[in-house]
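Reader: Hi! I'm new to reading protein models, and I'd love a close look at one single part of this one. Could you walk me through it step by step?

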Amino acid sequence: MNHLVYYLYMYIYVDSFHCLKNLKDMVTFFSLFTIYPFILPFLCLTVILYLSYAIVEQFQQRPKGVAGPPTYPIIGCLIPFYKNRYRLLDWYTHLISKSPTQTIVIDRLGARRTIVTANPYNVEYMLKTNFDNFPKGKPFNEILGDFLGNGIFNVDGEMWYKQRKMVSHEFTARSLRDYVVNALKEEVENKLLPILELMEAENRAFDLQDLLRRLGFDVVCKVSLGFDPCCLNESLSFSPLLDAFERASQICAERGAAPIFVVWKVKRWLNIGSEKQLKLAVDQIHSSIDDIIRERKIKIREENQKETNKDLLSKMILAANFDEEEVRDMVISFIMAGRDTTSAAMTWFFYLLSLHPEIEYELVSKELRFIEAETLTKYEILKEMNFLKSCLCETMRLYPPVAWDSKHAISDDILPDGTRIKAGNRVTYFPYGMGRMENLWGKDRFEFKPRRWMQESEEEGTEQVSNLYKFPVFQAGPRVCLGKELAFIQMKYVVASILKRFQIRPACSDPPVFLPLLTAHMAGGFKVFVHKTKYN
């Protein structure tokens, strides 16, 4: 019993107060109980009501045969969850691999009932077959609402459909594709490659992940806003806007991972700790983008409504279907979607390639060597880089930019594997775990083998269709990522431009740590040296 009391103490007390990092925060927090005496009774009542609800939920026992961690009355699987809180990905993967259905149920105090699945049939059912019953839902909107507002990645229903309709038209237009390639060419040739030349000449170790994130942020801001934040320069100077995005996304990710969700809500209400930092970051983002929107509207009016810019912001303003706040929220969503996803994939790609020089040799000598640098901007050339695409897909199978994604059931349901869903349950599909399932990828599932994608692409029919749901890194169904092809264009262009000139080698031999936030990345960055390629 002592260990149970200890874990409850650590779980509630430490998690609640770790945000009070200085004396000022602590004085502010505790003085509130004197200024507002109703707060303490209110918090006590909230805890009592929540415990009562948890007791009812926990005594509705998990159906026999449904896999999951050890679960106890009232607290559920709180103890094993807390023990594994820093390795949830591998813990979930282990539990799912032992489940006959590749699905587990997580019941714990402080969170709603969660179903985590790596079963492609369940994924297809959620994302396509019964799409309407599995929206992102209010819990998801609450976590990201302060940051993403009512942008396309944080809404459902009519609001989502309205934005999706407009965006899908723009993302399929050749003009946007050409605009993206031109933005890439300018950033890579004028900024990225000169920095790599300098690092090679000085034999200096640097953080490749940070460099690629800066590149991604510059490109996505150009495409979304028609604005260059100039994060990628020789000095790699501090960028307030980039820093605000990074702080906001990190704190929102911490909200989603909080063992007891009421903690961050109380912190937001009191405006202390990380929630205070989130508000400051979001205010800065909103202020910066609002200024850009107003300036762009003035410019468009002065030019008599002529579409002089090809960026998404100008197109949304000219469409006149959205108010200023909707435009701002949509732009923030675009930046978030394109800011770290491609840079994360490329970071892990270069790491894996450094472990497999034979694959690097094959890629450079057989596919990239005979392509002139000047032709890399041609869409047809980029599209034909099939082995490079296979390498990127294999990278994202092992290290997906989004490790998991959750929906919330509107009504009771039953997944194809027989798992029963209650209204309000969180249902999570799990790309990280799916990439490690033997029944999906074979006994060599932990190995980096790009050729597996070349073989599957040659097969026809159901196998290729099923890849959408056993490899859902770009989602699937009605919410499939509209920027999927643009993402591959960006990754292919950047990777090919680097590999035709350089080799990337890690600065140390320690294995990197995969850290899942809103988008996953390498914990602590990826320190590397760059050398002239020897394959030309």
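**A close look at Thr419**

Author: Happy to! In this predicted model, the side chain of Thr419 makes a polar contact, at 2.8 Å, with the side chain of Asp417. Where does Thr419 sit along the chain? You will find Thr419 in the loop between β5 (413–414) and β6 (420–421).

Is Thr419 buried or exposed? Its relative accessibility is 7%, and because buried means under 20%, Thr419 counts as buried.

Now let's see what surrounds this residue. If we set aside the neighbours within four places in sequence, Thr419 is in contact with Thr103, Val105 and Ile115, and also with Asp413 and Ile414. Asp413 and Ile414 are the residues of β5 (413–414), one of the two strands that the loop runs between. Try finding Ala67 as well: 352 residues separate Thr419 and Ala67 in sequence, yet their C-alpha atoms are 9.8 Å apart in space.

For another view of the same model, turn to a pair of helices. The axes of α17 (residues 357–368) and α19 (residues 386–398) come within 9 Å and cross at roughly 155°. Angles over 145 degrees count as roughly antiparallel, so α17 is roughly antiparallel to α19. The crossing of α17 past α19 is left-handed. From α17, the contact is made by Ile359, Glu362, Leu363 and Glu367, while α19 brings Asn386, Phe387, Leu388 and Cys391. Sorted by class, this contact of α17 with α19 has 5 nonpolar residues, 1 polar and 2 charged.

Technical notes: Residues are numbered from 1 along each chain as its sequence is written. This is a predicted model: local features need pLDDT of at least 70, side-chain atom pairs count only at pLDDT 80 or more; totals for chains, interfaces and linings use all residues. Side-chain values use heavy atoms; hydrogens and water are left out. Axes are lines fitted to C-alpha atoms, for helices over the stretch in contact, and angles run from 0 to 180 degrees between N-to-C directions. Helices (H or I, at least four residues) and strands (E, at least two) are DSSP runs, numbered from the N terminus. Angles under 35 degrees count as roughly parallel, over 145 as roughly antiparallel, 65 to 115 as roughly perpendicular and the rest as oblique. A crossing is left-handed if the near helix is turned anticlockwise from the far one by less than a right angle, and right-handed if clockwise. Contact means heavy atoms within 4.5 Å. Ala, Val, Leu, Ile, Met, Phe, Trp, Tyr, Cys and Pro count as nonpolar, Asp, Glu, Lys and Arg as charged, and the others, Gly among them, as polar. Buried means under 20% relative accessible area, exposed over 50%, partly exposed in between (1.4 Å probe, protein chains only). A polar contact is a pair of N or O atoms within 3.5 Å; within protein, one must be able to donate a hydrogen and the other to accept it, and residues adjacent in sequence count only if both atoms are side-chain atoms.
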